[in-house]
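Here are a few short exercises to work through with the structure open beside you. Try each task before reading its solution.

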Amino acid sequence: MAGPRHPVSVCTLALVQTERHQTFAFSVSWSDDSDTFVRRSWDEFKTLHKTLKETFPVEAGLLRRSDRVLPKLRDASLLVRGGRTGRGLARLRLLETYSQALLGAAERVSRSPVLTGFFAPQPLDLEPTLPPGSLVILPAPEEPPPRPPDSLTIRGLEAQSLRCLQPFSTQDTQGRPFQARAQEALDVLLRHPSGWWLVANEDQQTAWFPAPYLEEAALGQERQPLGSGGPQFCTALAYESSHEDELSVPAGARVRVLETSDRGWWLCRFGRHSGLLPAVRLRPEGLGALLSRPGLHREANGEIRVGEAQGSPETSQAATLPPTVPVRPTLSAIQSRCCTITRRALLRKDPLEGVWNCAEGKPNDPDPGED
């Protein structure tokens, strides 16, 4: 592979708690267009910060403060809400800011062996399972800042087409039955943070639909004979191709297995390229497979808990259970996040200004307090 690679971006994924130990999961994008999952503890980041100060005393401002370019490693307050878990989530956000600042520093620092080695996948990152009893907690997405009341908001009207995971029945905005089949394509017209999205089917029926029942379909899936899907694996060791039909991949790279063979060579997709890789160098993803499964649900406090990672074959079977249906918001809550044009359109299409009861499949009486 041409030249040594270096990390170009770091994004936080989750807080992983095992008994009394916390680690922070990151998705690292590299200069060779690969991406890896890594987990690091708070103590490991403190060691990294100390090593960077010793390796780059000028950039650390040890000789002159005005020359300092290394960011400070800030810790979360002990008084943060949520106890130990709340402090861990606060540290997770601070570590993302710290990591991005390091990668934005001078190339002497951002491409140094110290930083590259820290974010390189370690043996524990390549394990196919998490330790028993692990709890994976995703941070709640931050709400966008409120816009001025007199400002004009322009939104794109192009709908995104998603496919339905499992059959689901509800009612459309006119009170008629709305039934979605498995693998049916639905156009998403409006996304509400409650988890209920406004969708339209081929018959131009519009209905509020639970977002956990929708997922993105692979682009060009119908035109590719092998498809872009397939189980996700990661490479335990780097591999340099020796033939034209093989792939060159770094250690820890995420690949899609398109076709398996008992000869020991599997057809895989890495980035935009497809080729053969030795099966002995591939391992099933642990944290990546857990975070990408459709059974995620949001807790009342805003966190998304995946649950305990068992690391057994039952994990894949649990992902086939029906997704959790979120609590449906009131019409006034939906309209509060819509622009004026959308609110008028909803009032024309949805004359039943009540709260839909998902259990009974019919609308309740309108709330007299709502506008």
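**Exercise 1.** Find which residue of β9 stands opposite L190, then place the two strands in their sheet.

*Solution.* In this predicted model, the residue opposite L190 is L198 in β9. Next, look at the strands: β8 (residues 185–191) and β9 (residues 196–200) run antiparallel and are joined by four bridges. Then widen the view to the open sheet of five strands, whose order is β10-β9-β8-β5-β11 with antiparallel pairing. Finally, check the edges: β10 (206–210) and β11 (214–215) have a single partner strand each, so one side of each lacks a neighbour in the sheet.

**Exercise 2.** Decide whether L62 is buried or exposed, and name the patch that includes this residue.

*Solution.* Start with the location: L62 lies in the loop between α1 and α2. Its relative accessibility is 52%, and the cut-off for exposed is over 50%, so L62 counts as exposed. Now add V58 and L63: together with L62 they make a nonpolar surface patch of about 310 Å².

**Exercise 3.** Describe the largest nonpolar core and the surroundings of F45.

*Solution.* The largest nonpolar core holds 27 residues, and F26 and F45 have the most contacts inside it. At least two residues of this core come from each of β1 (7–18), β2 (21–30), α1 (42–55), α2 (83–103) and α4 (113–119). The most come from α2, which gives six. Leaving out residues up to four places away in sequence, F45 touches F26, R40, L73, L95, Y98, S99 and F118. A second, separate core has 18 residues, among them L162, A180, A207 and A211.

Terms used. Residues are numbered from 1 along each chain as its sequence is written. This is a predicted model: local features need pLDDT of at least 70, side-chain atom pairs count only at pLDDT 80 or more; totals for chains, interfaces and linings use all residues. Side-chain values use heavy atoms; hydrogens and water are left out. A nonpolar core is a set of buried Ala, Val, Leu, Ile, Met, Phe, Trp, Tyr and Cys residues joined through side-chain atoms within 4.5 Å. Buried means under 20% relative accessible area, exposed over 50%, partly exposed in between (1.4 Å probe, protein chains only). Contact means heavy atoms within 4.5 Å. Two strands pair if DSSP finds at least two bridges between them. Patches are made of residues with over 30% relative accessible area and no salt bridge: like charges are joined within 9 Å, nonpolar side chains (Val, Leu, Ile, Met, Phe, Trp, Tyr) within 5 Å. Accessible areas come from the Shrake-Rupley method with a 1.4 Å probe; for residues, only the protein chains shown count as cover. A salt bridge is a side-chain nitrogen of Lys or Arg within 4 Å of a carboxyl oxygen of Asp or Glu.
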